[in-house]
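Trainee: Please choose one part of this model and look at it closely with me, setting it in the context of the whole chain before going into detail. I would like one connected account rather than a list.

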Amino acid sequence: MRYGLAVSCLIAILLVSLAVWSQPAPPPQRERFQNAEAIYGWAQDNAGHKLRTFVSRPKGATGKVPAIFFVGWLSCDSVEYPHGETDGFGAILHRLIERSGFATVRMDKAGVGESQGDCSKLDFKGELLGYQAAFDEMLKYDFIDPARVFVVGLSNGGGTSALVPRQHPVRGYIAASSWGRTWYEHMLELERGRLTRAGQTPAEVNSGVKAFTEFYNLYLNRGMTPGDIVAQHPEWQSLWYDAPDGQYGRPAAFYQQLQALNLGDAWQKLNSPVLVIRGTSDTIMSDADARAIAESVDWSHPGMARYVEVPGADHLLSVKGKPSDDVAPTMMKWMREQLAK
């Protein structure tokens with residue numbers, strides 16, 4: 001009797017579990033816009049992963065409209081902001097969607113949000129191919145004018161955004177909080193700033209940077225992982241503060257491929273105007289990092305780049321924790337100026 005009761009209870013538990021397992025996953029929270037219609041699509045990268053795209057179309061728009069294609073940052077965070085302007089970059093995205101009157105296109109890289117794959121294992125080449133696939137998908141929307149497309153890159157995406165369109169004409173680029181030198185130079189400057197802000201003495205900072213020059217040479221130029229480097233140089237064990245096989249949540253190959261880029265060449269070959277924006281309190285991308293983009297553009301096309309500083313703004317272009325009210329209007333004004341030419 002007890003055995004039969006136990007079996008009945010077990011069957012009941014299994015049925016309840018199956019019912020729970022069979023329930024569809026709750027739909028993801030979505031953004032809401034007053035002035036734009038949200039469209040959810042897909043692109044596909046070279047590995048066959050489906051990548052979620054977020055397209056907005058201005059409400060009431062007729063015919064073809066200008067478009068903004070966003071190239072996102074380095075970290076494995078979604079470009080979708082269902083809770084609104086939770087940081088400076090989110091404010092830029094939402095304000096351009098709501099106030100520009102342009103269509104916009106964003107993409108979550110592999111392994112982020114609803115996109116298939118594993119962002120922690122995604123190298124830069126794979127990420128770039130995903131953005132290029134999303135750019136191609138954008139051109140299929142009948143309400144987007146392919147002759148009036150702007151590319152807006154944020155952080156790492158600003159530096160590498162020149163590589164996304166390939167043969168497609170672009171009306172202009174905006175690089176915000178970005179870099180245009182070699183990744184090796186960028187990291188040495190970042191490490192100096194990090195050690196200084198940690199309260200080390202000038203002597204300690206110089207010693208640390210000397211060690212990092214050798215460390216990053218082996219890492220970025222010689223193709224070693226940080227773990228391999230520390231194993232070969234145990235005296236540097238206290239120097240390294242991240243994962244043995246990567247950094248900032250991305251694999252070592254990602255940064256080695258960034259180092260292999262020649263962004264000076266990519267930017268000087270452009271025939272499109274460029275707006276570079278940087279906050280004066282940005283501790284991630286330095287003034288020299290950002291100015292390198294404008295300098296490369298102006299080297300081959302004098303006067304085609306514009307460099308704008310946002311006083312007191314940090315890397316996310318926020319001032320004292322609040323998104324700057326100047327950034328999105330500056331971007332919109334500049335884009336309209338390019339369309340009027």
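**A close look at the strands around E3**

Mentor: The mean positions of the 34 positive and 37 negative charges of the protein lie 5 Å apart; here Lys and Arg count as positive and Asp and Glu as negative, with His and the chain ends not counted, and each charge is placed at NZ of Lys, CZ of Arg, CG of Asp or CD of Glu. This is a predicted model, in which local features need pLDDT of at least 70 and side-chain atom pairs count only at pLDDT 80 or more, while totals for chains, interfaces and linings use all residues. Residues are numbered from 1 along each chain as its sequence is written, and side-chain values use heavy atoms, with hydrogens and water left out.

As a frame for the detail, the protein has 11 helices and 12 strands, these being DSSP runs (H or I of at least four residues for helices, E of at least two for strands) numbered from the N terminus. Its C-alpha atoms fill a box of roughly 90 × 65 × 40 Å along the principal axes, and its accessible surface is about 16200 Å², 54% of it belonging to carbon and sulfur atoms; such areas come from the Shrake-Rupley method with a 1.4 Å probe, and for residues only the protein chains shown count as cover. Of the 341 residues, 50% are buried, where buried means under 20% relative accessible area, exposed means over 50%, and partly exposed lies in between (1.4 Å probe, protein chains only). Among contacts (heavy atoms within 4.5 Å) with a sequence separation of 6 or more, 70% join residues 24 or more positions apart.

The part I would choose is strand E3, together with the strands that connect to it. Strand E3 covers residues 65–71, and 7 of its 7 residues are buried, so it is largely enclosed by the rest of the structure. E3 pairs in the parallel sense with strand E5 (residues 144–154) over 6 bridges, and two strands are called paired if DSSP finds at least two bridges between them. E3 also pairs in the parallel sense with E4, over 3 bridges. Phe 69 is a good residue to follow by eye, since it stands opposite Val 151 in E5 and has Val 105 as its bridge partner in E4. When you trace these strands, keep in mind that in a regular strand the side chains alternate between the two faces of the sheet.

From E4 the pairing continues to E2. Strand E4 (residues 103–107) pairs with E2 in the antiparallel sense over 4 bridges, and at this pairing Ser 56 stands opposite Thr 104 in E4. E2 itself, residues 50–58, is mostly covered, with 7 of its 9 residues buried. E2 also pairs with strand E1 (residues 36–44), in the antiparallel sense and over 9 bridges. Within that pairing, Leu 51 in E2 is the bridge partner of Ala 43. E1 and E2 form a hairpin with 5 residues between them, and Gly 48 in the turn has a positive phi of about 85°.

Leu 51 leads on to a charged residue beyond E4. Lys 109 sits in the loop between E4 and helix H3 (124–138), and it counts as buried because its relative accessibility is 4%. Leaving aside neighbours within four places in sequence, Lys 109 is in contact with Leu 51, Trp 73, Leu 74, Ser 75, Ser 115, Cys 119, Leu 122, Glu 127, Tyr 131 and Arg 250. The list includes Glu 127 as well as Arg 250, so both are worth displaying when you inspect the surroundings of this lysine.

For a reference point away from these strands, take Asp 265 in helix H9, which is partly exposed because its relative accessible area is 27%. The C-alpha atoms of Asp 265 and Ala 103 are separated by 30 Å, and the two residues are 162 residues apart along the chain. Gln 268 also belongs to helix H9, and at 28% relative accessibility it counts as partly exposed. Beyond residues up to four places away in sequence, Gln 268 touches Ser 296, Trp 299, Ser 300 and His 301.
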